[in-house]
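Please look over the sequence and the model shown here before reading on. The text that follows walks through the main elements and then through a few individual residues.

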Amino acid sequence: MSDEGRELYSVGEVAELLGLHVRTVRNYVRDGRLKAVRIGKQYRISRADFEALTSRPAPGAGEPSPAGEAPRRHVEVSSIVQIDAIGPDAANRLANLVTASAQSPRAAPAALRVQTVYDKERARMKIVILGDAATTADLLHLIDGVLGPGNGMGNHLDDRAEPVHRG
């Protein structure tokens, strides 16, 4: 079926277009990150709402590209960073740093989307990053640098304790 003139997409179609799991798209709808209308027992996403989520036109949308010009390619990276043996204060500082960095103005076409989760029982932090390849790489380098030796945010459980030295 052609996408020309399509105004509504199913959750499954949006998931396929974005390379996401259907459950992820449903969660976006439930969380309010993706607007949708409920028709019967199913959600439908409008072309405008799809474009608002992705910051790119839906397939078949907009004007045709000029003759000889290749369509604009969109690359998005999904990264999950897991940090073990990190205390709650260090995790909070790192979450603030990562969030501020993701929200800072940049030349990239779309902003980074970042989520952080801290598991106090396991002293483990996870950072989920979605964005273009270059900006995601920059953020990963920042995280790597901040967690490196001698920066005060090393891999120790108690933030008040002396840093763990490896020898």
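**A walk through the predicted model**

Helix 3, residues 47-54, lies across strand 1 and strand 3, and its direction makes an angle of about 75° with strand 3. The model is a predicted one, and this helix is a convenient place to enter it.

The strands under discussion belong to an open sheet of three strands, ordered 1-3-2 and paired antiparallel. Strand 1 (8-10) and strand 2 (37-39) are at the edges and have a single partner strand each, so one side of each is left without a neighbour in the sheet. On average, neighbouring strands of this sheet are turned by 45° against each other, direction ignored.

Strand 1 is joined to strand 3 (residues 42-46) by three bridges, and the two run antiparallel. Within this pairing, S10 stands opposite R44 in strand 3. S46 also lies in strand 3. Which residues does S46 touch, leaving aside those up to four places away in sequence? They are E7 and L8. S46 and L8 are 38 residues apart in sequence, yet their C-alpha atoms are 4.5 Å apart in space.

L8 also takes part in a surface feature: together with V37 and I39 it makes a nonpolar patch of about 250 Å². V37 is located in strand 2. Is V37 buried or exposed? Neither term applies, because its relative accessible area is 45% and V37 is therefore partly exposed.

A second pairing is found further along the chain. Strand 5 (residues 113-119) and strand 6 (residues 124-131) run antiparallel and are joined by seven bridges. In this pair, R113 stands opposite L130 in strand 6. The two strands form a hairpin, with four residues between them.

The turn of this hairpin contains A123, which has a positive phi of about 50°. Most residues other than glycine have a negative phi. A123 is not a glycine, and its phi is nonetheless positive. A123 is buried, because its relative accessible area is 10%, and the limit for buried is under 20%.

A85 is another residue with a positive phi, about 55°, although it is not a glycine. Where does A85 lie? It is in the loop between strand 4 (77-84) and helix 4 (88-103). A85 counts as partly exposed, because its relative accessibility is 26%.

These local features can be placed in the whole protein, which has five helices and six strands. Read from the N terminus on, the elements follow the order β-α-α-β-β-α-β-α-β-β-α. The protein has 167 residues, of which 28% count as buried. It exposes about 11200 Å², and carbon and sulfur atoms supply 51% of that area.

How much of the contact set comes from residues 24 or more positions apart? Among contacts in the protein with a separation of 6 or more, such residues account for 59%. The pair S46 and L8, 38 residues apart in sequence, is an example of distance along the chain combined with a C-alpha separation of 4.5 Å.

Methods
Residues numbered from 1 in each chain as written. Predicted model: local features only at pLDDT ≥ 70, side-chain atom pairs only at ≥ 80, totals over all residues. Heavy atoms only, no water. Pairing = 2+ DSSP bridges. Axes fitted to C-alpha atoms, helices over the stretch in contact; angles between N-to-C directions. Contact = heavy atoms within 4.5 Å. Patch = residues over 30% accessible without salt bridge, like charges linked within 9 Å, V, L, I, M, F, W, Y side chains within 5 Å. Areas by Shrake-Rupley, 256 points an atom, 1.4 Å probe, with all protein chains shown as cover. Salt bridge = Lys/Arg side-chain N within 4 Å of Asp/Glu carboxyl O. Buried < 20%, exposed > 50% of the residue type's maximum accessible area, 1.4 Å probe, protein only.
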